[in-house]
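Biologist: I should be grateful for a close look at one part of this model. Please keep to a single pocket and to the elements that border it.

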Amino acid sequence: MGNTESVVVQKRLARFRPEERPVVEGVFDRLQGGAGGPSGPAGKTAAGKTLTLEMLQSSMGSIAPDSLVGRVYQCLCSIDPGPEASGRTGRLTASGVGRQQLVVFLADTLRGTAEERAPLVMAMSQRAVEAAATVTCQQVVEFLQDLVSAVVQILIHRGRLQGWDPHSMGDSRVGIKLLAEQMCSELRPSDQGDCDISCLQDWIFRVPQVSLYLEMLVDEGLNVSLRGRPSPTLLPPCRETPWKELRSLLDLPTLMFLAPQIPDSNGAPWRLMFSTQLHGESFTRMVSSLTKGGPTLLLIRDTRGHVFGGFASHSWEMKPHFQGDSRCFLFTVFPRLGVYTATGYNEHFMYLNQHQQTMPNGLGMGGQHQYFGLWLDSDFGRGHSRARPKCTTYGSPQLSADEDFTLDAMEVWAVGNPPQPEEGEEEENGKKSVLNIDPEVQAMMEMTGKNLYSQGLREPEEDLD
């Protein structure tokens with residue numbers, strides 16, 4: 001490229017370290033060579049050579065739908081690398097994509113600001129040859145569906161599943177649509193429902209997933225391998241899950257949405273602690289998974305298909321009092337994705353009780369007795385989500401299809417580091433108490449008010465090392 005590059009391109013290249021610049025400049029030649037076109041050393045392509053849609057398709061087609069490849073090509077063609085331009089001309093070039101246009105695109109997607117990425121999103125959201133000054137929310141949703149779909153394919157085909165099995169999870173096609181709609185719901189359009197460049201800039205700044213997903217698309221789709229750039233991890237590790245026997249309520253896009261909401265997770269693995277599919281409809285069995293697992297995520301599907309749940313910030317305790325802290329939240333998965341965090345109105349975050357005559361018996365989150373934001377009765381078949389107009393603790397709407405719902409399926413996932421075993425938890429000589437062997441026995445004894453005298457008599461296991 002040498003002295004022929006424009007001021008705009010020179011400034012874009014300056015964002016990369018010296019050892020990264022040959023990689024960025026070499027993408028153009030690699031794309032041409034990969035599609036059977038003539039190529040040479042970086043920066044030595046014959047004058048007038050351009051990238052075609054077919055060349056882009058050859059590189060990105062394995063992970064991105066054809067519609068997204070077309071969007072990227074349209075965006076590339078619209079970039080003006082001239083010294084007087086700020087990013088794009090609003091005019092689609094018929095002759096293909098030039099080297100400098102590609103460099104500007106790579107720099108703005110990988111190292112750009114929200115102001116520089118907004119014109120790219122505008123161009124990729126529009127499908128018409130003649131660019132307009134605004135884009136509709138529906139156009140942005142359609143672009144996001146293509147983008148999220150590509151990210152899901154990257155996770156599946158580039159070895160980034162972290163132990164999750166999409167074949168034993170929910171339909172990603174539904175999750176892709178819901179995640180795109182949730183991300184688009186953060187837009188702040190005009191009164192006419194349109195979004196201009198400043199609207200997109202504000203949105204990209206507030207919703208980091210947009211930039212993250214664009215970076216993944218460019219990294220994987222155009223094979224831009226920059227040393228020192230760790231691959232983003234969108235999924236938490238999954239451990240000890242019997243996928244062959246399970247059909248999870250989670251799907252990959254839903255997991256991509258929920259995982260970043262978990263506070264203080266620090267990359268802790270998710271472990272399935274309870275599933276009605278695997279363990280039956282047992283409130284006692286579910287309680288045993290809650291009281292010793294550390295932070296947990298509860299996922300419920302009612303008989304009308306609504307999926308929702310809550311996050312508990314620490315292990316549950318069986319007692320007739322509220323517990324938890326402001327890190328807890330409620331959420332919805334279907335028919336919409338949403339998270340509802342603590343309002344500060346009260347501290348009714350978590351409630352778990354059984355076998356009481358004067359207090360509610362069951363599991364609750366938010367609201368108040370008989371009027372919970374999420375309630376599962378101890379008989380394990382019924383529950384309610386009451387919010388008129390919103391839950392006081394979390395500000396959530398009604399989560400279930402009907403205010404009083406019938407449970408269809410439920411999962412409990414441990415989502416934090418397992419709590420350290422308490423001193424004296426195992427019996428002398430390595431023999432475990434029946435209370436350790438069968439947590440249901442311990443839960444039943446605690447719920448019936450029995451004193452666990454043996455807990456105070458246990459000796460810590462000696463270190464044999």
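How many residues of the lining of the second largest pocket are nonpolar, how many are polar and how many are charged?

Modeller: The model is predicted, so local features are reported at pLDDT of at least 70 and side-chain atom pairs at pLDDT 80 or more, while totals for chains, interfaces and linings use all residues. Residues are numbered from 1 along each chain as its sequence is written, and side-chain values use heavy atoms, without hydrogens and water.

The lining of the second largest pocket comprises 8 nonpolar, 7 polar and 5 charged residues (Ala, Val, Leu, Ile, Met, Phe, Trp, Tyr, Cys and Pro are nonpolar, Asp, Glu, Lys and Arg charged, the others polar). The volume of the second largest pocket is about 320 Å³ (the space filled by probe spheres on joined grid points). A pocket here is an open set of points on a 1 Å grid that admits a 1.4 Å probe, with protein on both sides within 12 Å along at least five of seven lines, and lining residues have an atom within 4 Å of a point. Twenty residues line the second largest pocket, and those closest to its centre are Gly-170, Ser-248, Leu-249, Arg-301 and Val-307. Two or more lining residues come from each of α8, α12 (276-279), β8 (329-334) and β14 (DSSP runs of at least four residues for helices and at least two for strands). The greatest share of this lining belongs to β14, with 3 residues.

Strand β14 also takes part in aromatic packing. The structure contains 16 aromatic pairs (Phe, Tyr or Trp ring centres within 6.5 Å; planes under 30 degrees apart are stacked, over 60 edge-to-face, the rest tilted). In one of them, the rings of Trp-164 and Trp-413 have centres 5.2 Å apart and planes at 40°, so the pair is tilted. Because Trp-164 lies in the loop between α7 (137-157) and α8 (172-184), and Trp-413 in strand β14 (residues 404-414), the contact ties together parts 249 residues apart in sequence. Trp-164 is buried at 3% relative accessibility, and Trp-413 is buried at 0% (buried is under 20% relative accessible area, exposed over 50%, partly exposed in between, with a 1.4 Å probe and protein chains only). These two rings join Trp-243 and Trp-270 in one aromatic cluster.

Charged contacts occur in and beside the same elements. In the whole structure there are 25 salt bridges (a Lys or Arg side-chain nitrogen within 4 Å of an Asp or Glu carboxyl oxygen). Within helix α8, Lys-177 and Glu-181 are 4 residues apart, about one turn of the helix, and their side chains form a salt bridge at 2.6 Å, N to O. Both ends of this bridge are partly exposed: Lys-177 has a relative accessible area of 41%, and Glu-181 has 31%.

A further salt bridge joins Arg-388 to Glu-403 at 3.0 Å, N to O. Arg-388 and Glu-403 both lie in the loop between β13 (382-384) and β14, so this pair ties together parts 15 residues apart in sequence. Arg-388 is exposed at 61% relative accessibility, whereas Glu-403 is buried at 18%.

Terms used:
Rings of Phe, Tyr and Trp (its six-membered ring) pair if their centres lie within 6.5 Å; planes under 30 degrees apart count as stacked, over 60 as edge-to-face and the rest as tilted.
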